[in-house]
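Hi,

Here is the structure I promised to pass on. Have a look at it first, and then read my notes below.

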Amino acid sequence: MTLWNKPAHELHDLLVKKEISATELTQDVLARMDAVEGKVKAFLTITKEQALEQAKAVDEKIAAGENISFLAGIPGAVKDNICTKGVRTTCASKILENFVPPYDASVVTKLQKEFPVLVGKANLDEFAMGGSTENSGFYPTHNPWNTECVPGGSSGGSAAAVASGSAIFALGSDTGGSIRQPASFCGVVGMKPTYGRVSRYGLVAYASSLDQIGPITRDVTDCANVLNVIAGHDDMDSTSSFAEVPDYTKSLVQDVKGLKIGLPKEYFVDGMDQDVEKAVRNAIEQLKSLGAEIVEVSLPHTKYAISTYYLIAPAEAATNLERYDGISYGERIDGADVVELMTNTRSKLFGEEVKRRIMIGNYALSAGYYDAYYLKALKVRTLIQKDYTDAFEKVDVIAAPTAPTPAYKIGEMISDPLKMYLQDICTVPLNLAGLPGISVPCGYSQKHMPIGLQLIGKPLDEATLIRTAYTYEQSQSFHKEMAELGGAEA
Amino acid sequence: MKYEAVIGLEIHCELKTKTKIFCGCETGFGGDQNTHVCPVCLGLPGVLPTINKRVVEFGIKAGLATNCTINKFSKFDRKNYYYPDLPKNWQTSQYDLPIAEHGWVDIDVEGEKKRVRLTRIHMEEDAGKLVHSGNTIKDSASSNVDYNRTGVPLLEIVSEPDMHTAEEARTYMEKIKAIMEYIDVSNCRMEEGNLRADVNVSIRPVGSKELGTRTEMKNINSFKSLVDAIDYEIDRQTEVLEDGGHIVQETRTWDPNRGITLSMRSKEDAHDYRYMPEPDLPPIVTTDEQIEAYRKELPELPDARRERLEKEYGLSDYDAGVITASRPMAEYFDEVVAGGADAKLAANWIMGELAKHLNAENKTIVDSPVEPARLAAMIQMITKGTISSKIAKTVFEEMWTSKDAPEEIVKAKGLVQITDTKAIEEIVDKVIADNPKPVEDYKGGNKKAIGALVGQVMKQSKGKANPQMVNQLLAQKLG
Ligand SMILES: [Zn+2]
């Protein structure tokens with residue numbers, strides 16, 4: 001039986017029915033990984049031995065007649081900016097090339113209680129700064145639908161692993177679209193939960209007030225199940241929410257009757273790809289035909305979101321990344337004295353994009369510029385938040401494209417950072433407002449590259465997002481198609 | 001030209017919490033290098049801070065005890081600068097919304113009351129400690145970093161430049177130390193670096209309202225260094241100005257061994273700290289009820305206690321000031337008085353013999369081998385006339401080295417005062433007979449000559465004769 005192409009909930013059923021073992025499943029996924037990884041390069045570290053041991057332990061539980069949890073024995077990948085005790089965590093940066101954390105991120109601790117099989121650490125743009133995974137300090141990841149294209153980013157490795165069958169589910173992180181946009185580019189489901197819904201303890205910080213960990217999965221059912229595991233308050237993260245966590249699988253119902261879905265005109269920007277617009281509008285029509293009510297809404301400050309984001313995120317990044325100085329951990333390039341040591345280490349081991357953002361951030365925070373840039377950005381941020389508050393008085397969910405284009409060619413945009421930044425227009429405002437968002441596959445471009453529908457929810461209302469996304473997903477079959485590339489169906 | 005100094009202090013006060021400000025590590029002094037550390041205080045990738053609520057409580061109490069306004073909405077900020085003892089290369093501190101602002105304390109300098117205003121009190125984390133193979137970072141082949149202190153909570157108490165002499169600065173710092181001890185937020189052990197000050201000094205012509213260019217001396221960790229460094233800096237600046245030069249705004253270090261200040265870095269090298277609100281810590285929101293609850297927990301503060309001692313026991317302003325300058329001493333005093341001792345005698349003995357013995361052995365009053373109850377018993381023996389004040393010194397000496405009660409010491413050594421008129425009379429008669437010269441002098445009108453005779457009587461009675469009785473009898477007999 002081919003197993004790598006199935007979603008976790010089907011595999012869970014097969015494990016419970018003892019039709020397959022966790023070891024068989026893991027071996028199948030690892031064989032698939034062997035076949036495709038050379039082309040996709042989704043991983044920075046592969047933990048085959050650990051995976052097979054974990055699978056064996058789950059098989060022993062099953063043999064002993066124990067009930068197993070949803071993720072038990074299911075192969076998953078973790079983005080390599082999430083700390084894993086004893087397993088190298090690089091953030092795709094040369095500066096942390098050999099860094100092995102002495103502790104697990106809180107999400108990893110929560111995952112481990114479910115006994116999943118962790119097959120490796122997924123590639124990303126260095127320190128999650130980028131939207132194509134081309135900024136990885138080691139190598140770019142390729143889109144499993146067309147290996148000449150980018151998988152999106154920064155969680156490009158996580159999305160490509162799930163799309164190519166090298167993992168059944170993955171964890172990503174989203175600061176300005178880094179889960180939703182690669183999910184859209186790779187034809188999988190990706191959710192950025194509400195800021196504070198999932199603990200950030202152990203997520204290597206890029207922009208602390210925007211970062212959020214979330215699931216990347218084959219379908220909405222898996223998304224709800226993974227979110228159930230990772231959501232909830234954590235004493236180690238003072239910004240994590242105390243709000244009760246509902247059982248998200250209760251929202252896996254097909255029902256959008258009377259649901260008010262807002263359509264923000266500001267998200268259908270000039271220069272948007274025709275195929276994207278068509279697919280997204282079709283999806284919205286589909287939701288309407290399923291009983292939802294479509295309401296035009298306006299989010300007037302959307303046009304300031306990119307500039308706001310590219311002041312706040314780099315400012316936070318500039319300080320967050322100060323700790324990488326070659327003194328007590330990480331790589332070091334020596335110098336004549338301590339200042340030279342720090343300078344050498346940082347200037348030679350950080351990549352171009354990371355250095356660019358550190359410089360922008362320090363500029364925005366420096367004496368004489370703080371009020372004009374950083375402080376002003378914080379004020380605009382509250383206006384963007386207010387846009388949503390106003391819109392959500394009229395609607396339950398907002399629908400929009402996840403990205404203005406499908407996946408583009410590797411190298412196409414890398415020399416034009418500003419053009420690249422504009423790619424974030426549909427995703428960044430949610431992070432600024434702290435809202436949850438989900439991207440679900442909603443069709444293909446003429447070149448058969450996946451397109452994502454983005455649904456945006458009220459704070460802590462992931463349940464409604466899941467219900468809406470599930471209802472839409474079940475009305476078509478985009479989520480059932482797997483990326484085709486060499487090594488398919490051995 | 002005559003110059004006047006303008007002095008301001010930033011006092012760093014280490015808080016006596018069990019754990020660090022943002023993690024669960026112990027704060028204890030000492031310990032092998034890098035044993036009180038965890039991922040959070042080491043600033044490893046991915047870690048987040050969580051606030052130790054005691055630190056906020058202590059910050060609020062310190063603010064209340066120094067007449068500050070408590071900011072009900074306060075927040076932490078990142079103060080960014082690169083230094084190897086700072087694992088994140090920023091210090092989590094407070095910038096524009098500190099926990100407390102606009103306070104004051106009163107100090108007494110040479111009998112005059114003076115008010116020193118407090119700009120603010122803010123909470124922050126301490127840095128680690130560099131251990132150099134040589135003397136300084138510059139002449140060392142290598143340096144190690146000990147992160148045990150990293151994340152130990154501090155309060156930074158910033159004064160307005162309201163002081164004009166080294167003496168005022170010292171008295172102010174003593175006052176802050178006393179208050180922090182009283183409210184029990186810090187051990188205030190200066191030798192362990194619990195209390196240290198950055199001192200700003202400038203000078204200006206007397207009568208001028210404008211401030212001169214200031215220099216800052218960092219990390220002064222004793223009262224002696226504080227006074228010496230300020231005096232040195234005032235002299236140095238005066239000399240520079242009198243030679244027609246100008247003061248450079250800079251940071252200087254105080255070298256206590258050589259007794260001089262040395263330039264460390266000038267304003268041009270000054271850091272731009274690029275302060276940023278700490279996104280990983282929610283703002284600290286405090287309610288009026290909480291503030292009032294903390295206010296109720298405050299003990300009697302030094303000023304109030306001093307006033308009480310003056311009123312209740314008639315202590316002089318000076319004595320009451322010395323006794324209440326440290327909470328342990330004030331408590332010791334209260335216990336001695338509660339043990340039945342006369343208050344003025346108790347003050348004299350504590351400030352005299354006890355202080356002398358403690359200083360000689362470098363002990364604090366908490367470690368005194370003479371417990372308050374024993375000192376009280378001894379003082380009662382003086383008041384009752386059982387022993388003379390002179391004998392009492394011998395008794396105290398015994399009490400310092402043995403655990404015995406003063407009554408037992410007096411009994412064992414036969415130190416009871418002779419108050420038997422007949423016994424004293426016998427000695428007096430003998431002394432008058434043996435010392436014709438002073439007797440003649442006295443009779444000839446030199447009344448002072450009696451002193452020599454009293455001395456002789458005391459000597460022959462081995463100090464045990466009641467001095468008042470001796471005086472009386474001699475005067476009687478010499479007519
Ligand atoms: Zn710690």
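**Helix α5 of chain A**

The buried residues of α5(A) are Gly156(A), Gly157(A), Ser158(A), Ala159(A), Ala160(A), Ala161(A), Val162(A), Ala163(A) and Ser164(A). Keep in mind that this is a predicted model. Nine of the nine residues of α5(A) are buried, so this helix is largely enclosed by the rest of the structure.

Take Ala163(A) as an example. This alanine sits in helix α5, which spans residues 156-164 of chain A. Ala163(A) has a relative accessible area of 3%, so it falls in the buried class, which ends at 20%. If you want a sequence-distant partner to look at, try Thr217(A): Ala163(A) and Thr217(A) are separated by 54 residues in sequence, and their C-alpha atoms are 8.5 Å apart in space. Right after α5(A) comes Gly165(A), with a positive phi near 95°.

**What the UniProt record adds**

Just ahead of that helix there is something for you to check. An unreviewed UniProt entry carries the annotation "active site" for Lys79(A), Ser154(A) and Ser178(A). These residues are spread over 100 residues of sequence, yet they cluster in space, with a largest C-alpha distance of 10.9 Å. Ser154(A) is in the loop between β3 (117-122) and α5 of chain A. Is Ser154(A) buried or exposed? Its relative accessibility is 0%, so Ser154(A) counts as buried.

The record also has domain annotations. In chain A, the UniProt annotation "domain: Amidase" (unreviewed entry) runs over residues 24-465. That stretch of chain A is 37% helix and 14% strand in the model, and its end C-alpha atoms are 34 Å apart. For chain B, the annotation "domain: Asn/Gln amidotransferase", also from an unreviewed UniProt entry, covers residues 331-478. Here the model gives 70% helix and 0% strand, with 49 Å between the end C-alpha atoms.

**Salt bridges**

How many salt bridges does a search of the whole structure find? The count over all chains is 61. I picked out three of them for you.

- Asp280(B) and Arg200(A): their side chains meet in a salt bridge, at 3.0 Å from N to O. Asp280(B) lies in the loop between β15 (276-277) and β16 (284-285) of chain B, and Arg200(A) lies in the loop between β5 (189-192) and β6 (212-217) of chain A, so the pair joins two chains. Asp280(B) counts as buried at 5% relative accessibility, and Arg200(A) is buried as well, at 2%.
- Glu14(B) and Arg149(B): this salt bridge has an N to O distance of 2.9 Å. The pair links distant parts of the chain, 135 residues apart: Glu14(B) is in strand β1 (residues 3-14) of chain B, while Arg149(B) is in the loop between β9 (143-146) and β10 (153-159) of chain B. Both Glu14(B) and Arg149(B) are buried.
- Arg236(B) and Glu233(B): the closest N and O atoms of this salt bridge are 2.6 Å apart. Both residues lie in helix α3 of chain B, three residues apart, which is about one turn of the helix. Arg236(B) and Glu233(B) are both buried.

The pair between the chains also belongs to a network: Arg200(A), Asp237(A), Arg78(B), Glu278(B) and Asp280(B) are linked by salt bridges.

**Two surface patches**

Now for the outside. On the surface, Asp231(B), Asp235(B), Glu239(B), Glu242(B) and Asp243(B) gather in a patch of negative charge. One of them, Glu239(B), is found in helix α3 (residues 223-242) of chain B. With a relative accessible area of 52%, Glu239(B) is exposed, because that class starts over 50%.

On chain A, Tyr363(A), Tyr369(A) and Tyr373(A) make a nonpolar surface patch of about 290 Å². Tyr363(A) is placed in helix α11 (residues 352-365) of chain A. What is the exposure class of Tyr363(A)? At 42% relative accessibility, Tyr363(A) counts as partly exposed, since that class lies between under 20% (buried) and over 50% (exposed).

That is what I have for now.

Cheers

Key:
Residues are numbered from 1 along each chain as its sequence is written. Chains are lettered from A and ligands numbered from 1 in the order in which they are written. This is a predicted model: local features need pLDDT of at least 70, side-chain atom pairs count only at pLDDT 80 or more; totals for chains, interfaces and linings use all residues. Side-chain values use heavy atoms; hydrogens and water are left out. Patches are made of residues with over 30% relative accessible area and no salt bridge: like charges are joined within 9 Å, nonpolar side chains (Val, Leu, Ile, Met, Phe, Trp, Tyr) within 5 Å. Accessible areas come from the Shrake-Rupley method with a 1.4 Å probe; for residues, only the protein chains shown count as cover. A salt bridge is a side-chain nitrogen of Lys or Arg within 4 Å of a carboxyl oxygen of Asp or Glu. Lys and Arg count as positive and Asp and Glu as negative; His and the chain ends are not counted. The place of a charge is taken as NZ of Lys, CZ of Arg, CG of Asp or CD of Glu. Helices (H or I, at least four residues) and strands (E, at least two) are DSSP runs, numbered from the N terminus. Buried means under 20% relative accessible area, exposed over 50%, partly exposed in between (1.4 Å probe, protein chains only). UniProt positions are given in the numbering used here, feature names are shortened, and annotations may be inferred rather than shown by experiment.
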